[in-house]
Amino acid sequence: MGLSFKEVDLAVDVEVDNINPLPIKLTGFDYDLKINDISFVKGQEDKQLTIPSLDQTVFQIPVTLNYKNLYET
């Protein structure tokens, strides 16, 4: 995590429910959060994750918030 006059790096907890009888294995994922069709936060996570069957998993997503983009949004 980092902090500067331009941006801040954060880790956001995301909880995922797997209602399937089989575990879910992810080799990575991309994300893009948009507000009014403007990309607010986006990134890529290459860490492998496993969500056990019929269970919940909480994992962290690294997020960088740019103050200028935050203000404009």
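Leaving aside its neighbours within four places in sequence, with which residues is Q56 in contact? In this predicted model, Q56 is in contact with E15, V16 and D17 once those neighbours are set aside. The chain that holds these residues comprises one helix and six strands, and its largest nonpolar core has ten residues.

**Overall architecture**

- Read from the N terminus, the order of elements in the chain is β-β-β-β-β-β-α.
- The radius of gyration of the chain is 15 Å, whereas a compact globule of 73 residues would have one near 11 Å.
- Along the principal axes, a box of roughly 45 × 25 × 15 Å holds the C-alpha atoms of the chain.
- Of the contacts between residues at least 6 apart in sequence, 67% join residues at least 24 apart.

**Surface, burial and charge**

- Of the 73 residues in the chain, 19% are buried.
- The chain exposes about 5,800 Å², and carbon and sulfur atoms supply 54% of that area.
- The chain carries 6 positive and 12 negative charges, and the mean positions of the two sets lie 7 Å apart.

**The nonpolar core**

- In soluble globular proteins, nonpolar side chains tend to be buried together.
- The largest nonpolar core of this chain is formed by V8, F29, Y31, F40, V41, L49, F59, I61, V63 and L65.
- Two or more residues of this core come from each of β3 (29-35), β4 (38-45) and β6 (55-66).
- Strand β6 gives the most to this core, with four residues.
- L49, one of the core residues, is in contact with I24, K25, L26, F29 and F59, its neighbours within four places in sequence being left aside.
- Among those partners of L49, F29 and F59 are also listed in the core.

**Q56 and T57 in strand β6**

- Q56 lies in strand β6, and T57 is found in strand β6 as well.
- Q56 counts as partly exposed because its relative accessibility is 44%, which falls between the 20% and 50% limits.
- T57 counts as buried because its relative accessibility is 17%, which is under the 20% limit.
- Q56 and D17 are separated by 39 residues in sequence, yet their C-alpha atoms are 4.4 Å apart in space.
- Beyond its neighbours within four places in sequence, T57 is in contact with V14, E15, V16, T50, I51 and P52.
- E15 and V16 are thus among the contacts of Q56 and also among those of T57.

Methods:
Residues are numbered from 1 along each chain as its sequence is written. This is a predicted model: local features need pLDDT of at least 70, side-chain atom pairs count only at pLDDT 80 or more; totals for chains, interfaces and linings use all residues. Side-chain values use heavy atoms; hydrogens and water are left out. The radius of gyration is taken over C-alpha atoms; the globule rule is 2.2 Å times the number of residues to the power 0.38. Buried means under 20% relative accessible area, exposed over 50%, partly exposed in between (1.4 Å probe, protein chains only). Contact means heavy atoms within 4.5 Å. Accessible areas come from the Shrake-Rupley method with a 1.4 Å probe; for residues, only the protein chains shown count as cover. Lys and Arg count as positive and Asp and Glu as negative; His and the chain ends are not counted. The place of a charge is taken as NZ of Lys, CZ of Arg, CG of Asp or CD of Glu. A nonpolar core is a set of buried Ala, Val, Leu, Ile, Met, Phe, Trp, Tyr and Cys residues joined through side-chain atoms within 4.5 Å.
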